[in-house]
Amino acid sequence: MWRLARKRSANFYPRTPPVHRTMPSSITWGLLLLAGLCCLVPRSLADGLQGDAVQETDAPHHDPEHQPACHKIAPNLADFAFSLYRQVAQESNTTNIFFSPVSIATAFAMLSLGTKGDTHTQIMQGLGFNLTERSESEVHQGFHQLLSILNQPDNQLQLTTGSGLFINDTIKLLNKFLEDVKNLYHSEAFSINFRHTEEAKKQINNYVEKGTQGKIVDLVQDLDEDTVFALVNYIFFKGKWEKPFEVEQTTEEDFHVDEHTTVKVPMMSRLGMFDIQHCATLSSWVLLMEYVGNATAFFILPDEGKMQQLESKLTKEVLAKFLEKRHARSASLRLPKLSISGTYDLKNVLSKMGITKVFSSEADLSGITEEGPLMLSKGLHKAVLTVDEKGTEAAGATFLEAIPMSMPPSIDFNRPFLITIVDRDTKSPLFMGKVVNPTQK
């Protein structure tokens, strides 16, 4: 959650139109919401403002290789995802991690449309974009195409993203900012009276709860009456496994959180053909599971004592190789049924990644409004993940497959492991996380 406020704090949130798609089956990856808080504070406006961020937003960009714009920014999004993961992982080795790099990057890219000077430069660089190598117009076109693809209706996969601008009825935003946000990021604008804090908070929370199908409720716990502008962004994903688990095979088993801690979890089990292989570079088992639709989930189980090696060696290039070279083999797989979430103070995390000025009195957000100086005082990101046997539409289905007669290896995800969900169409990382304790909400 973000907000803009006069002299103190406020809330700023993004929303993009609903996106629907269908993916493989047995995991329900639930939603992500990102919001930020910006405050109007007394200060002089920064000098050296940059020119318009986007020109001809709907005009196609010539590309000799005919590569879609969303594919061009996918490597940047992947790098941002890994950088953000490592930053969060440094904070604690004992808690679950789960976030949506796409949602966070989308929100800040949208915010960058209203920033100038060093504030603007830091955001783009923090997201991994070098504007000397790729034009800013191309970056925003990449996000525009990504959101358009993600929001395409699909009868098997539920994938929805959204952004909403909540504008105080006393402030006027610049038309160019509103037009760019609407045209490029499919965002809706709402008039709101932040002076009536309880009603404003309810309006924003209802918007988020509806967009995330009830998965995220009461996101905004407090709202300053000096808020002038709020941007809310969310992403919701619910997929069905192509090869679901049988509920009858789920049993209570031990999950080893660490050397001294063991918890009981419902462990899903299935014997069959899986895309799984052991990677010497990562010292890990790498399992790829397909959703019905266009998403792939990576479950990466490090060997005993090798979590730090996995976290340091895992890159987008390594994941790409697994997507390119599939390796089906028979295996006995056990995977915990779980529901976890992650909530992050983006001011703390992103400041360590070089995005600092937007959170300070030196922020230049004069591309949003000329009525007063603004700063981003707070940023909140929340994501929720649920993994179960089937998903909504796979109930009652039975999958039979031939497997070799030899004894298959048994792969038990009964200790901490990593998760990444990748959209195959756009080659973008939708979610990333680490399961340390499946019972930890």
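Guide: A residue is called buried when its relative accessible area is under 20%. In this predicted model, buried residues make up 59% of the 441 residues in the protein chain.

Visitor: How many helices and strands does the protein chain contain?

Guide: The secondary structure comes to 9 helices and 17 strands. Contacts may also be sorted by separation along the sequence. Among contacts between residues at least 6 apart in sequence, 83% join residues at least 24 apart.

Visitor: Is strand 10 enclosed or open to the outside?

Guide: One counts the buried residues of the strand, and then considers each face. In strand 10, residues 284–290, 7 of the 7 residues are buried, so the strand is largely enclosed by the rest of the structure. On one side, Ser284, Val286, Leu288 and Glu290 are buried, and on the other side Trp285, Leu287 and Met289 are buried as well.

Visitor: Which strands are joined to strand 10 by bridges, and in what direction do they run?

Guide: Strand 9, residues 262–279, runs antiparallel to strand 10 and is joined to it by 5 bridges. Strand 11, residues 295–302, is also antiparallel to strand 10, with 7 bridges between the two. Leucine 288 illustrates both pairings: this residue of strand 10 is the bridge partner of aspartate 275, and it stands opposite phenylalanine 298 in strand 11.

Visitor: What should be read in the turns of these hairpins?

Guide: One may look at the number of residues between the strands and at the phi angles. Strand 9 and strand 10 form a hairpin with 4 residues between them, where serine 283 in the turn has a positive phi of about 50 degrees. The hairpin of strand 10 and strand 11 has 4 residues between the strands, and there glycine 293 takes a positive phi near 130 degrees.

Visitor: Why does the length of helix 1 agree with its number of residues?

Guide: The expected span follows from a rise of 1.5 Å a residue, so the 23 residues of helix 1, residues 69–91, should span 33 Å; the end C-alpha atoms are 34 Å apart, which agrees. Helix 1 nevertheless bends by about 30 degrees at proline 75. The helix is mostly covered, with 17 of its 23 residues buried.

Visitor: How is the packing of two helices described?

Guide: Two packed helices are described by the angle and the distance between their axes. The axes of helix 1 and helix 4, residues 136–150, come within 8 Å and cross at roughly 100 degrees. The two helices are therefore roughly perpendicular to each other. Residues making the contact include Ala69, Ile73 and Leu77 of helix 1 and Val139, Phe143 and Leu146 of helix 4.

How values were computed:
Residues are numbered from 1 along each chain as its sequence is written. This is a predicted model: local features need pLDDT of at least 70, side-chain atom pairs count only at pLDDT 80 or more; totals for chains, interfaces and linings use all residues. Side-chain values use heavy atoms; hydrogens and water are left out. Buried means under 20% relative accessible area, exposed over 50%, partly exposed in between (1.4 Å probe, protein chains only). Two strands pair if DSSP finds at least two bridges between them. The expected span of a helix is 1.5 Å times one less than its number of residues. The bend at a residue is the angle between axes fitted to the seven residues ending there and the seven starting there. Axes are lines fitted to C-alpha atoms, for helices over the stretch in contact, and angles run from 0 to 180 degrees between N-to-C directions. Angles under 35 degrees count as roughly parallel, over 145 as roughly antiparallel, 65 to 115 as roughly perpendicular and the rest as oblique. Contact means heavy atoms within 4.5 Å.
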